[in-house]
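The following exercises concern a single protein chain and are to be solved with its sequence and coordinates at hand. Each task is followed by a solution in steps.

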Amino acid sequence: MAYTNGVHVVPAIRCQHRDEGERSIFCGNFASWYRRAAAPFAPRYFCHKHKRPADVEIPNDGELPRVRLMLDVFVGGVSWNAGEAEREAAEVIRLAIATVGGVSSPISVTSAIVTWRAARPVGEAIVDAGDPTQPPLKH
Ligand SMILES: [Zn+2]
């Protein structure tokens, strides 16, 4: 993992515990405890459930593995007013990301009136508007 010093966007620190035999399933709850490690191993962070007696409170500074995801997110607008719909959508996504300790920083927010057809269940993502098995959309 690459090193970046002095970042300004620091997400919540999450528990790095994983059960033996379940190597790909991490706890992921918010961490409060710090476990020092002898070089070359990195220190680790843990929640209350996975704390060990020698663990200490997380210090005021240190290193953290931070993941940056860059993706497009589409949500249904709650208003036909573009500005109102965009502000509400940005806020609801910010709150959703915060529930997992993430920090979002929207690069851009846009909206459009899109057409859809009821042949697919409501809520199912329509990814390919050019599906040859479906009749063409009316414009
Ligand atoms: Zn945990």
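**Exercise 1. Strand pairing**

Determine in which sense β1 and β3 pair, and over how many bridges.

Solution. Strand β1 covers residues 33-35, and its pairing with β3 is antiparallel, over two bridges. The model is a predicted one. Within this pair, the residue opposite Trp-33 is Glu-57 of β3. The next step is to place the pair in its sheet. The sheet is open and has three strands, ordered β2-β1-β3, with antiparallel pairing. Its edges are formed by β2 (44-46) and β3 (56-57), each of which pairs on one side only. In general, the strands of a sheet pair through backbone hydrogen bonds, either parallel or antiparallel.

**Exercise 2. Order of elements**

State which elements the chain contains and in what order they run from the N terminus.

Solution. The count gives one helix and three strands. Read from the N terminus, the order is β-β-β-α. The loop between β1 and β2 contains Pro-40. This proline is joined to Ala-39 by a cis peptide bond, with omega about 10 degrees. As a general background, most peptide bonds are trans.

**Exercise 3. The nonpolar core**

Identify which residues make up the largest nonpolar core.

Solution. The core has five residues: Ile-13, Cys-15, Ala-31, Tyr-45 and Phe-46. Take Cys-15 and list its contacts, setting aside residues up to four places away in sequence. Cys-15 then touches Cys-27, Gly-28, Asn-29, Ala-31, Tyr-45, Phe-46, Cys-47 and His-50. For the chain as a whole, 5% of the 139 residues count as buried. Among contacts between residues at least 6 apart in sequence, 34% join residues at least 24 apart.

**Exercise 4. The surroundings of His-17**

Classify His-17 as buried, partly exposed or exposed, and give the reason.

Solution. His-17 belongs to the segment before β1. Its C-beta neighbours inside 10 Å number 19. A buried residue needs 20 or more. His-17 therefore counts as partly exposed. Beyond four places in sequence, His-17 is in contact with Phe-26, Cys-27, Phe-46 and His-50. The C-alpha atoms of His-17 and Arg-44 are separated by 8.6 Å, although these residues lie 27 residues apart along the chain.

**Exercise 5. Two residues and Ala-89**

Establish how exposed Val-109 is, and how exposed Phe-74 is.

Solution. Begin with Val-109, located in the segment after α1 (82-98). Val-109 has 14 other C-beta atoms within 10 Å and is therefore partly exposed. Its contacts, apart from neighbours within four places in sequence, are Glu-86, Ala-89 and Ala-90. From Val-109 to Ala-89, 20 residues apart along the chain, the C-alpha separation is 8.8 Å.

Turn next to Phe-74, which lies in the loop between β3 and α1. Phe-74 has 11 other C-beta atoms within 10 Å. The limit for an exposed residue is 12 or fewer. Phe-74 is therefore exposed. Phe-74 and Ala-89, 15 residues apart in sequence, are 8.9 Å apart in space, C-alpha to C-alpha.

Definitions and conventions
Residues are numbered from 1 along each chain as its sequence is written. This is a predicted model: local features need pLDDT of at least 70, side-chain atom pairs count only at pLDDT 80 or more; totals for chains, interfaces and linings use all residues. Two strands pair if DSSP finds at least two bridges between them. Helices (H or I, at least four residues) and strands (E, at least two) are DSSP runs, numbered from the N terminus. A nonpolar core is a set of buried Ala, Val, Leu, Ile, Met, Phe, Trp, Tyr and Cys residues joined through C-beta atoms within 7 Å. Two residues are in contact if their C-beta atoms, placed from the backbone, lie within 7 Å.
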